[in-house]
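User: Hello! I am new to this structure and would like to get to know it step by step. Could you show it to me first?

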Amino acid sequence: MDVRSQIAMVFHLDKCIGCHTCSIACKNIWTDRKGAEYMWWNNVETKPGTGYPTKWEDQDIYKGGWEKKNGSIHLKGAGKRRGLVNIFYNPNLPVIDDYYEPFTYKYLDLIESPEGDDQPTARPVSLITGKPIDIKMGPNWDDDLGGTPDYARHDPNMKNISPEEQEVMFQLEKMAFFYLPRICNHCLNPACVASCPSGAIYKRGEDGVVLINQEVCRAWRMCVTACPYKKSYYNWYTGKSEKCILCYPRIEAGLAPACMHSCVGRIRYLGVLLYDSSKIEEAASSDEKDLIKNQLNIILDPFDEKVIEAAKKNGVADSTIHAAQFSPVYKFVKQWGLALPLHPEFRTLPMLFYVPPLLPVMATVKKVDHKEQLEKVSPVAKKWNDNWLYDTSTKELWGTLDQIRFPLKYIANLLSAGDEDVIKDKWKKLMAVRIHRRRVTVGDVSHEKAEKVLKEAGLTAETADAIYALTSLPKFEERFVIPAAHREQAIEMMDFTGDTKGETGFGIKSKVKRGL
Amino acid sequence: MDYLDSFILIGLPYTALALFVIGTIYRYTNRKFQFSSLSSEFLEGRKLFYGSVPFHWGILFVFCGHLTAFLIPSTVLTWNSQPARLMTLEISAFIFAISMLIGLINLVIRRYTTSRLSPVTNKMDLVIYVLLILQTVAGLWIAYNFRWGSSWFSTLLTPYLYSIFKLQPDTAAVVLLPWSVKLHIATAFIIIAIIPFSRLVHLLVLPLNYLWRPYQQVMWYWDKNKVRSSKTPWSLQRPKNT
Ligand code: HEM
Ligand code: SF4
Ligand code: SF4
């Protein structure tokens with residue numbers, strides 16, 4: 001057992017309102033620079049949809065991630081042989097048009113245009129060439145389905161969903177979608193690290209944050225290809241690849257990353273997971289159906305005495321172990337088994353987990369007769385004369401699960417490598433919590449029914465209450481349990497701190513050590 | 001031997017080598033951030049293929065050919081003692097040089113006809129293109145007109161280059177070579193001189209280390225085995241982070 005600690009995340013998809021506040025917080029701090037304009041280290045996609053960059057999930061196009069061949073795993077589009085042979089020209093590199101050409105507007109024209117018969121306009125100009133362009137794409141062009149089912153139809157997760165099922169999905173009145181916020185997953189088996197010929201990318205031992213050393217990066221761009229989530233970006237101006245740094249200067253100080261801190265839906269949780277790093281390769285090489293199980297198996301119980309002892313031996317600080325015991329991520333992922341990694345089949349062992357969305361599933365749309373109701377409404381009120389009812393009642397037990405508006409297969413393609421039973425299990429739990437809470441707060445569900453539902457989902461009333469509390473009522477400190485990094489100890493390992501005393505204090509401005 | 005000859009064959013090489021060594025050290029230590037070739041594939045990813053690939057494979061072969069003749073001239077001469085082997089070597093070198101030239105031309109056309117590339121193009125790029133094209137054309141001209149280069153390089157140029165490195169320049173044989181060869185030598189040293197001052201530095205950092213490093217890299221700010229151990233002695237020595 002080789003215990004390490006990892007700062008891991010959970011995003012609760014039911015709570016995301018698709019406001020993009022997270023993306024803006026990140027952009028303002030990190031990527032509002034020349035060459036980085038097109039980068040969205042945090043982006044929010046509408047699912048079903050093609051995403052950013054377009055169709056990033058389709059590895060037949062982008063060749064990202066690992067694939068298993070003859071029992072062991074290899075990088076699909078990079079690696080020692082392929083990476084070096086293709087070093088003069090990377091055939092699988094996404095180009096600017098796969099994202100979008102960044103633009104701004106000539107706002108000054110609105111003020112400075114000479115008087116004339118027409119209104120002045122602010123023309124869009126490219127942030128690369130500075131010339132006027134016709135905007136063809138933006139960072140979230142398919143937001144809320146982008147006004148057409150075309151984006152949804154081209155979603156790579158639709159590949160094994162039959163045309164009939166798709167037709168049902170796209171019936172206007174029944175259409176459903178949800179949001180998928182994405183950042184770098186700070187994977188345990190990162191493809192970006194493995195693909196870098198210069199060795200510029202590394203995972204930090206202390207907290208698992210994956211970083212690119214800008215001084216060592218030599219623009220070979222293999223990480224852009226290798227990351228199956230397309231979360232490593234090439235800066236065309238500096239000639240360096242860049243990626244989400246999980247706001248490590250904030251994390252080290254015990255603060256939440258900007259995207260998480262600003263999240264309006266409060267969907268984001270961040271905490272420590274202890275894991276056994278000696279089993280990473282084994283877990284990443286599992287058969288597809290065991291991937292999730294084995295990934296969760298390397299996450300260790302932070303209350304286990306043996307784990308604590310091994311963690312201490314490996315230099316994990318007490319405050320970190322303590323944080324691991326109160327980690328909301330541990331609860332969602334391991335204790336309650338509610339959260340899943342995005343596209344586990346890419347085999348990078350992502351450390352960002354998603355609670356699958358229940359809302360698009362649970363509600364059904366029915367045709368009902370509204371006449372009686374409409375007559376009650378005041379004559380001046382605006383009336384809709386369609387007969388659709390968005391029904392979220394919990395009358396039948398698992399009824400809505402079987403007549404969902406979203407093919408189960410779709411969510412399974414996204415979060416469980418196609419295994420529908422895994423998703424069903426999570427949904428049952430989520431639903432059971434709702435039915436249980438409905439009994440407690442509204443009281444129109446019978447005790448027997450609530451008990452039965454909880455039992456079938458494998459939950460107790462206490463667990464359901466705990467899930468409810470951490471989902472709906474969590475305080476800031478419950479969502480983010482971050483131990484401050486012990487940089488003071490780190491520095492002592494590298495420098496004798498006594499030497500630097502006084503160097504920038506009274507009188508002396510340079511290092512006092514004399515060589516000459 | 002006139003002044004021009006002694007400048008090209010003695011003055012220029014030493015100036016170039018000095019610039020190369022000092023410039024490279026300076027850039028690596030002070031401008032490490034820029035120690036690479038600014039890739040433009042992200043802005044134009046299709047035409048680059050027809051430029052970069054033939055150019056780089058071409059130059060790689062031709063460069064290694066020159067290097068072999070420099071390092072092991074006698075082996076090259078032995079190899080060339082059979083006409084069939086000599087022809088194979090000469091013809092393949094010629095083909096790779098043509099591939100290099102075609103690649104270069106495609107690169108130049110691509111760079112100056114793609115509007116998205118203008119923000120990442122600078123004057124040094126033009127200098128490099130001119131020098132490389134000049135060098136390739138001169139090389140092809142020599143290979144075609146003065147056969148067989150692989151043999152006389154080994155007998156004439158290798159001793160001259162050795163004499164340069166031994167700091168006892170001996171130009172007696174080289175001064176008699178035609179002007180095109182002297183041009184080729186001069187351009188070669190100019191290219192060496194500008195390596196540290198241009199994107200060409202990237203050829204010095206070919207990442208061969210990748211071949212033997214493990215795929216995954218984990219780095220620690222502290223020594224995980226020592227940080228929590230009370231047995232670790234308190235020392236005035238800077239501890240090694242292993
Ligand atoms: C040592 C092995 C070499 C490697 C791995 C290498 C790799 C590369 C890479 C990755 C690029 C960027 C292509 C892009 O825009 O994406 C490049 C460009 C370039 N390389 Fe090399 N190179 C090598 C050797 C050389 C040599 C020996 C020369 C010439 C003396 C050379 C001259 C150039 C030039 C002129 C460009 C710019 C091409 C353009 O964008 O127009 N390279 N090289
Ligand atoms: S998500 Fe991509 S960039 Fe982030 S650690 Fe994983 S492989 Fe690397
Ligand atoms: S800020 Fe939160 S709620 Fe808003 S889009 Fe981002 S993840 Fe969703």
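User: How many helices and strands does chain A have?

Analyst: Happy to help! This is a predicted model, in which local features need pLDDT of at least 70, side-chain atom pairs count only at pLDDT 80 or more, and totals for chains, interfaces and linings use all residues. Residues are numbered from 1 along each chain as its sequence is written, chains are lettered from A and ligands numbered from 1 in the order in which they are written, and side-chain values use heavy atoms, leaving out hydrogens and water. Helices (H or I, at least four residues) and strands (E, at least two) are DSSP runs numbered from the N terminus. Counted this way, chain A has 26 helices and 16 strands.

User: Is A:Tyr107 buried or exposed?

Analyst: A:Tyr107 sits in the loop between strand S5 (103-105) and H5 of chain A. Buried means under 20% relative accessible area, exposed over 50%, and partly exposed in between (1.4 Å probe, protein chains only). Because its relative accessibility is 52%, A:Tyr107 counts as exposed.

User: What share of the residues of chain A count as buried?

Analyst: Chain A has 516 residues. By the cut-off just given, the share that counts as buried is 56%.

User: How many charged residues are in the shell around ligand 2?

Analyst: The residues around ligand 2 (a heavy atom within 4 Å) include A:Cys184, A:His186 and A:Lys243. Ala, Val, Leu, Ile, Met, Phe, Trp, Tyr, Cys and Pro count as nonpolar, Asp, Glu, Lys and Arg as charged, and the others, Gly among them, as polar. Alongside eight nonpolar and two polar residues, the number of charged residues in this shell is one.
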